[in-house]
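Thank you all for making time this morning. I would like to walk you through the charged pairs in one protein, and I will take them helix by helix.

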Amino acid sequence: MPLYPYVRMYPRVHGCMTERDFYDVLGVAKSASDHDIKEAYRKLAFHYHPDRNRSPEAEETFKELSEAYAVLSNHEKRALYDALGPEKYDDPQEVFRYQVEREAERRETIREYQASRSAQQYDAAESTGILVFFLLLLDFEVPSWVLGPWYYIFNGFLLLSIAVSAYQWFDV
């Protein structure tokens, strides 16, 4: 969901825990796998669940664990959290800025790909033209009796080369 309609609605929105790192809350490394994150969450959630632990901070700790797991278990949210860090993750303006930058990078990549594809098509068309020139030169200027059986070999090779370059021209 794009955030641009909501960017200016709230000057600065913070969740219940932007001060602590989600990885520290769950006690896992930043390079932890999904399985490690899930195991750490289950272990800590079992220990701090309000129905099992009656201490006053258990409910708050359980909420922090749940929020950390909700972010780190979702691949898109985790990538956004890793890119922005804990201090900017809940700021809609930073999230919007990050998404705009990512979109600009994606568009630039597409532009570069299209430019290289166009250059490849131009090269394929140029080589096809050169091959057709040599084929016509061989067929109309050099009599077949001059080259003997090699005439048919060269002719077949040029036709095959034209077919390959035409395929590259249309399927780059």
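How many salt bridges does the structure hold? There are six salt bridges, where a salt bridge is taken to be a side-chain nitrogen of Lys or Arg within 4 Å of a carboxyl oxygen of Asp or Glu. Before going further, I should say that this is a predicted model, in which local features need pLDDT of at least 70 and side-chain atom pairs count only at pLDDT 80 or more, while totals for chains, interfaces and linings use all residues. Residues are numbered from 1 along each chain as its sequence is written, and side-chain values use heavy atoms, with hydrogens and water left out.

As general background, side chains of opposite charge can pair when their charged atoms come close.

Let me begin with helix H3, which covers residues 56–72; helices here are DSSP runs of H or I with at least four residues, numbered from the N terminus. Within helix H3, Glu-59 and Lys-63 are four residues apart, about one turn of the helix, and their side chains form a salt bridge with an N to O distance of 3.8 Å. Glu-59 is partly exposed at 44% relative accessibility, and Lys-63 is likewise partly exposed, at 45%. By partly exposed I mean between the two limits, with buried being under 20% relative accessible area and exposed over 50%, using a 1.4 Å probe and protein chains only.

Now to helix H5, residues 92–140. Which residue forms a salt bridge with Arg-107? The partner is Glu-103, and the closest N and O atoms of the two are 3.3 Å apart. Arg-107 and Glu-103 are four residues apart in this helix, so about one helical turn separates them. Arg-107 has a relative accessible area of 48% and Glu-103 one of 27%, which places both residues in the partly exposed class. This pair also belongs to something wider, since Glu-103, Arg-106 and Arg-107 are linked in a network of salt bridges.

Further along helix H5, Arg-111 and Glu-108 lie three residues apart, again about one turn, and they form a salt bridge whose closest N and O atoms are 2.7 Å apart. Glu-108 is partly exposed, at 36% relative accessibility.

Finally, a residue to look at in the same view is Ser-118, which is also found in helix H5 and is partly exposed at 43% relative accessibility. The C-alpha atoms of Ser-118 and Trp-169 are separated by 9.7 Å, although the two residues are 51 residues apart along the chain.

Methods: Helix = DSSP H or I, 4+ residues; strand = E, 2+ residues; numbered from the N terminus.
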